[in-house]
Amino acid sequence: IIFPFYIGPNSIPFNNQIEFSVNLFNDKNIDHYVLSSYNKKQDDWEPINTERNEKTLKGKIQKGSIVGVIIDNIKPEIDNIIPRDGATYKIDGLNNFEIFITDNYSKIDYKNGIKLKLNGDILLSGYNIYQSKILCDIKGKILIGKNTFELIVNDQANNTHKTEGVFYVEE
């Protein structure tokens, strides 16, 4: 953690969120920097949604807290992709993409940071934050024969994980 500081008071929530900024003039690249708030009960740092602009980080808080900057250079993890790369499925047995994704610190950017393509077409998917899972209905979108997919996942610290695969479908 770098640059920790206190914004108070912490006993009474603010009527409106307070926006604050941190200037990092000496740092060359702030792409993976995340504003974080210290949670005393859990004795841990929690990420704050961070906006980056040249050498400035901006965030908002609802109540007073200790705030700092954490550098997160670890890309999100993509696990257990169904349909599996290289596998063959029956067309009536394959209804959904099911993909588990996690990010141990800055968390998945589930609003704008998940892009799933099937055969070149972008699919709308839902991300279940409690199960760390993407679910996407692919009925009517899969082809008999070869199907390709591409998944790009970003976390809130601008780390990206991209994976591609192929699966096959028969009648």
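Entry 1, the second largest pocket. I looked up the second largest pocket of this predicted model and found it lined by 14 residues, of which Y38, N39, K63, G64 and S65 lie nearest its centre. I noted that β3 (33-39) and β7 (65-71) are the elements that give two or more residues to this lining, and that β3 gives the most, with three residues. I took a pocket to be an open set of points on a 1 Å grid over the protein atoms alone, where a 1.4 Å probe fits, with protein on both sides within 12 Å along at least five of seven lines, and lining residues to be those with an atom within 4 Å of a point. The space in the second largest pocket comes to about 330 Å³, a volume being the space filled by probe spheres set on the points, which are joined across faces, edges and corners. Its lining divides into four nonpolar, six polar and four charged residues, with Ala, Val, Leu, Ile, Met, Phe, Trp, Tyr, Cys and Pro counted as nonpolar, Asp, Glu, Lys and Arg as charged, and the others, Gly among them, as polar.

Entry 2, conventions. I kept the numbering from 1 along each chain as its sequence is written, and side-chain values that use heavy atoms, with hydrogens and water left out. In this predicted model local features need pLDDT of at least 70 and side-chain atom pairs count only at pLDDT 80 or more, while totals for chains, interfaces and linings use all residues.

Entry 3, strand β7 and its sheet. I followed β7 from the pocket into an open sheet of four strands with the order β1-β7-β3-β4 and antiparallel pairing; strands here are DSSP runs (E, at least two residues) numbered from the N terminus, and two of them pair if DSSP finds at least two bridges between them. Because β1 and β4 (44-47) stand at the edges with a single partner strand each, one side of each is left without a neighbour in the sheet. Strand β1 (residues 2-7) joins β7 over four bridges, with Y6 opposite I66, whereas β3 and β7 are joined by five bridges, Y33 standing opposite I71 and V34 opposite I70. Five of the seven residues of β7 are buried (under 20% relative accessible area, 1.4 Å probe, protein chains only), so β7 is largely enclosed by the rest of the structure.

Entry 4, the largest pocket. I then turned to the largest pocket, which holds about 460 Å³ of space and is lined by 19 residues, with K107, I108, D109, Y110 and Q156 nearest its centre. By class I recorded six nonpolar, seven polar and six charged residues in this lining.

Technical notes
Buried < 20%, exposed > 50% of the residue type's maximum accessible area, 1.4 Å probe, protein only.
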